Each structure stands twice: as structure tokens, then as C-alpha cells.
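Me: I would like a close look at a single part of this model, with its pairing, its surroundings and its local geometry set out in a connected way. Please take one sheet as the starting point and work outward from there.

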Amino acid sequence: MVGKKISYLLAGLLISCMLCSCGGKMDMAETGKEAANPVEETSMSESFDAGEWRRYEPSIAATFGMSHDINNDAFTAMANAGEPYDNNRWIRMYRDEVGIECSYKLISPNAEDYQQKLVLAMTSGDLPDIFYVNDLTLYKQMVDAGVIADLTEIYEKEANPTLRGIVEGEGTDFIENFKFDGKLYCIPNKMPSTNGYSYLWIRKDWLDKLGLEVPKTMDDVMEVARAFVEQDPDGNGKNDTMGLSIDENYTNFGSMGIFWAFGGQASGKKFWSKLEDGKVGYSMVQPEMKGGLKWLQDMYKQGLLNPEFSTQSFNDIGPMIADNKLGMFYGCHWYAGQINGVKGEIPDAEWIPILAPGIDGNPAPVYASVDMNGIYCVRADYEHPEALIAMFNAYTEKLFGNDNDFENYFACKENGNLWQSGPVNMLAADVDLKPHREMKEALENGTIDSLTGVGGSYWKYIQDGDLSYKLMFGPEGSCFELVDETYPDIFIWNSYQGAPTPTQSERWSSMQEIIDTSYIKIITGEEDVDEGFEKMVKQWNAAGGDKVTEEVNAIVSGN
């Protein structure tokens, strides 16, 4: 009966995955504990201090499932250098220092194909021992089906302080989002939440030419945009410049600061706001979002906003910059790559990032989800479920422990993302902040030319002319100088980041479409802000919003 339940459950999920794909994200340490836990004793949990991890003697074997594009340039370059994906320095470290022989049983170059293969492996009872999951709906299905291991006691006992600090160091009770009935069935692939900042990127040379100050309020931003449109900042005598651009991801990342300025808590189409009555509500249907919509509508009506924003992608920013027509745009720190990519087209252009302005002269708060990129699970009947914790203990020590070997394991000349080239990975909250601080301190101390580690590498990139590294991480005038001044004090954390509720799993795509469509109509003036927003909220609630809100609040309240 259980077998049939699993088969029916996963077969349905497989069909769903296939339908979705047709249409188109989620320190060198002491080995310590010498000869700890021979294989016959590994079912018993053991505690580990910072710098320590479980070591298997004799070694054990583990198969893995991971979404890796092993044919991309980085993996190919590594292979050509004698470090193929299945025998690179991470694989060898797990073998030599943890005692785990790692091999890939399931690997795929993209998320959709990987998920389909993972579901097929579930239905056939042929899952890898340890595997990545890129969808929390699938995670909930696996918990219900009983195909993944309960890691609660193992994590509580064996996660060393370095690993625990990374997983639990941001937000409020982040790990609780992944528990069902108090039990933990995964380890989240933690990423730095500083990714959630929203910056306003500005042509500083245009400001200077027109005698304008750096904007401090949203009114200032509008007036600077007006000057960029009307006062011919490129000096060609034509009315052909654009004040501000946002792209199709304006509520998902990058441009969220527009809404934050007015109290709207947009954050990746997944932010749950804490309401006055103590409950939580989905941010995009809360009335505070109307301030940002009204501001964008005014910008659009006055011709100060890119009129094609709803159909243009992040990659369209580069050509607009290269055409010498764009004065400002909202974007994350990695948007600096678009500036760097076309720097030769307009060599005299000077771009600066500022924190998303508020309405009172102060930066807007950052409404942030604790950042993650999927989760890792263990097959329910794998003999060594604690192996996942052993690997993460070692991984986090190699990169972020007191005696780390960051320079050897984070990146190399063949692969700038070496840190994610093994079977498991995660990043500490300050991984992007660290190189900025290293460069700034070395510059102040006069030791910048002898700087090593990731800070030294980034400084070399900057000296070699890479404008993106200068704008993102540089010691002065960069995004992470702004981060260093404000993180984490400026953050307000998401109130719910758990698995989708039953109604979310069934209806969320169509529910979100109601919001997205209404927002575009409001911004372009097709609908009035108040009337259009009220109509949208009613439609959203009727489509399942009331039910989803009830379900999320039941989870948050523990009921």
C-alpha cells in the first residue's frame, strides 16, 4: 500500500515536471577526532568542535545527484588541467580527509532536466545516496512519501559551530522553515543574503555635467530622471536620452528598492510581511505596495521610465548603456557586469551605485529573505545519513574555518566558481564582504600590493581593468562599501520561507500571474492605482489567496 502511494504521488509529480519543462531557479582545518567512529559505529551521533569533522576509517562510498553542467567552459578547463568533475580537488578532499569516496549517480546540466531525472529515480527506487533538490514542493512530496532521511538528531549533534553559524546565522529561526512536525529532512544550500540589496546605478558624469547632486529621496530620483531626459546630458543636441530603466524582474530582484522606499515589502515574489494583528500576509497584495506602483506610474506617464521595461531582461541593460542613452537603472551588485561588458563603448562614462533611496533622505530598508539555493537530502535507507553533515563540516572549514584554505578551494584560474564544483556547497554570509574588507584594510595599511587570498585576487582583477570587480567589491565607491556600512542593521527578514502550502502547490503560478498582470496595467496607466490594486487583491484572494494565507499562518503559528 505504501509502495502504491509513493508511485501514484511521484508519478503525478513527474507529469507536472514534464508539463512545466515544455513551457520553458531555485580554511584548512584540523581533521580532528582521529580515527573517529569506525564504520560499524557510524550510526551513533558524535559532537564536533570548530575545525573538526567526522572521519571514516575505513572509508565509505556515497553516490550523489547534482545539477552540474559538466560540459561548460569552467568544468572543461578543470578537466584539461587534470581535475575532471568526478576527481577534482573537492572530490579528493572528501576521499582523503573525510573518508568518503564520492561518485555521481545522477547529474544534469539544467534544473528542469535534473528534476525530471530525480523524480524518475524516485519512482524507480533508484535515488542517489545524497542529492540536491531545487524545489521545495518536491521536498515536501519526498517527506510525505518517506523517501528521505530524518536528519534532526544528526544535525543537532554533529553539525560543528562553523557549519551551524552559516546555516543559522542570518534571519530568525531560518532552519525551522525546513522542518515538518519538528523534524528536519534536509540541509539548505545557504547563500549570502547580501545578494538581496537593491542599488540605484547612476551616470555620475551626467550628474556633474548638469550640476546635479546624487539623489537622496525618491522625489530627487524623479527630478534627476527628468533632467537626464530633458537637458541633453549626452550633448548630441537630440531628445534621445532615458531617465531610468528597470527590467522585467523589477519585483523579483534589483528594482525592489522602489517599493521599499514606500514601505512595500517586495522581495523575490516570496516575501511574507508581519502584519499589525500579528499574522503574516503576502507582501505583494499589501496596500503598502501602492506607493511604489504610484511612483512608477508617474514616471511612466511623464516619459521618465523605460517604456519597454516589462519585456526587457537584465541582459538588455548592457546595450542601453553602450548606446549612451541611459542615465539610471536599478539592479543588484552583479549588474555591474553589464557596465563592464560595454565599458569600451563609452570610455568616459562614470557609473556609481547608491543604496536604494527612501522618501526621507535615508536609504530604504532591505526586505530580505535568508538566501539559499536549494537543499540537500539523504536517501531514507542510506546506511550513513550522517555523511552529509560530515561533508558540510569539512566543506565549511575548508572555506570559512579559522584555519581555512579559502584560496585553494574557492576559486582557481580555470574556474572562478570552484566552490560549487563538488557534490555539496554553501556560502557564508560575508563571503562577498570579506574581499572588500581585505582590500580596504590593505589599502589603508599600505600593504595592498602584497595582499593574498580572495581579496588579493579581486585587487588584481581591478588593477587589470575589470570594472565589475571595482564597482562590486572595490575598497572605495563599491556596492560592498555600502553593504559594509549597513549590513545587517538595515535588514527586515521574511516571516515565512518554508515549503509551499497545498494550495500554493496547486495554484500559485496562476495566482502570481494575477498580480504581475495587474501591476503592469497600473504602472502603464491602464488602471487606476487604488481601483486596480483593490480589484487585483479580490481576484487573488478568490483564486486561492485567502486559503494560502490561512495555511501559511497556521504553519507560522505552529497550528
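**The five-stranded sheet and its surroundings**

Reply: In this predicted model, five strands form an open sheet with mixed pairing, in the order β2-β1-β3-β13-β6. Its edges are β2 (100-108) and β6 (187-190), each of which pairs on one side only. Ignoring direction, neighbouring strands of this sheet are turned against each other by 25 degrees on average.

The strand β3, residues 130-133, has a partner on either side in this order. With β13 (residues 372-378) the pairing of β3 is antiparallel and runs over four bridges. With β1 (residues 60-67) the pairing of β3 is parallel and runs over two bridges. Individual partners can be named: Val378 of β13 is the bridge partner of Ile130, and Phe64 stands opposite Ile130 as well. Phe131, in turn, stands opposite Cys377 in β13.

In a regular strand, side chains alternate between the two faces of the sheet. In β3, Ile130 and Tyr132 lie on one side, while Phe131 and Val133 lie on the other. Both faces of β3 are covered, and all four of these residues are buried.

Val133 leads on to Tyr139, since these two residues are in contact. Leaving aside neighbours within four places in sequence, Tyr139 also touches Ile148, Phe178, Phe180, Leu184, Tyr185, Cys186, Ile375 and Cys377. Tyr139 is one of the residues with the most contacts inside the largest nonpolar core, together with Met142 and Trp201. That core has 175 residues, and helix α14 (residues 387-400) gives the most to it, with 10 residues.

Leu184 is also a contact of Tyr155, a residue of helix α6 (residues 152-158). With neighbours within four places again set aside, the other contacts of Tyr155 are Arg164, Val167, Glu168, Ile187 and Ile389. Tyr155 counts as buried because its relative accessibility is 1%, under the 20% limit. The C-alpha atom of Tyr155 is separated by 37 Å from that of Tyr250, which is 95 residues away along the chain.

The backbone at Asp181 deserves separate mention. Asp181 has a positive phi of about 55 degrees although it is not a glycine, and its place is in the loop between β4 (179-180) and β5 (183-184). With a relative accessibility of 81%, Asp181 counts as exposed. Another residue other than glycine with a positive phi is Asp232, where the value is near 50 degrees. Asp232 lies in the loop between α9 (218-230) and α10 (257-260) and, at 22% relative accessibility, counts as partly exposed.

Two cis peptide bonds can be added to this account. One runs from Glu57 to Pro58, with omega near 5 degrees; Pro58 is found in the loop between α1 (2-22) and β1. Another joins Tyr487 and Pro488, with omega about -5 degrees, and Pro488 lies in the loop between α19 (479-486) and β14 (491-493).

The helices α9 and α19 lead to another open sheet. Three strands with antiparallel pairing make up this sheet, in the order β10-β7-β11. Its edge strands are β10 (328-331) and β11 (351-355), each pairing on one side only, and the twist averages 25 degrees from one strand to the next. Strand β7 (residues 199-203) pairs with β11 in the antiparallel sense over five bridges, and Tyr199 stands opposite Leu355 in β11. Helix α9 packs on the sheet by touching β7 and β10, and its direction makes about 135 degrees with that of β10. Helix α19 also packs on the sheet, touching β7 and β11, with its direction at about 20 degrees to that of β11.

A helix pair completes the description. The axes of α16 (residues 433-445) and α17 (residues 453-463) come within 8 Å and cross at roughly 75 degrees; the two helices are therefore roughly perpendicular to each other. On the α16 side the contact is made by Pro435, Glu438, Met439 and Leu443, and on the α17 side by Val454, Gly455, Tyr458, Trp459 and Ile462. Seven of the residues in this contact are nonpolar, one is polar and one is charged.

Methods: Residues are numbered from 1 along each chain as its sequence is written. This is a predicted model: local features need pLDDT of at least 70, side-chain atom pairs count only at pLDDT 80 or more; totals for chains, interfaces and linings use all residues. Side-chain values use heavy atoms; hydrogens and water are left out. Two strands pair if DSSP finds at least two bridges between them. Axes are lines fitted to C-alpha atoms, for helices over the stretch in contact, and angles run from 0 to 180 degrees between N-to-C directions. A nonpolar core is a set of buried Ala, Val, Leu, Ile, Met, Phe, Trp, Tyr and Cys residues joined through side-chain atoms within 4.5 Å. Buried means under 20% relative accessible area, exposed over 50%, partly exposed in between (1.4 Å probe, protein chains only). Contact means heavy atoms within 4.5 Å. Angles under 35 degrees count as roughly parallel, over 145 as roughly antiparallel, 65 to 115 as roughly perpendicular and the rest as oblique. Ala, Val, Leu, Ile, Met, Phe, Trp, Tyr, Cys and Pro count as nonpolar, Asp, Glu, Lys and Arg as charged, and the others, Gly among them, as polar.
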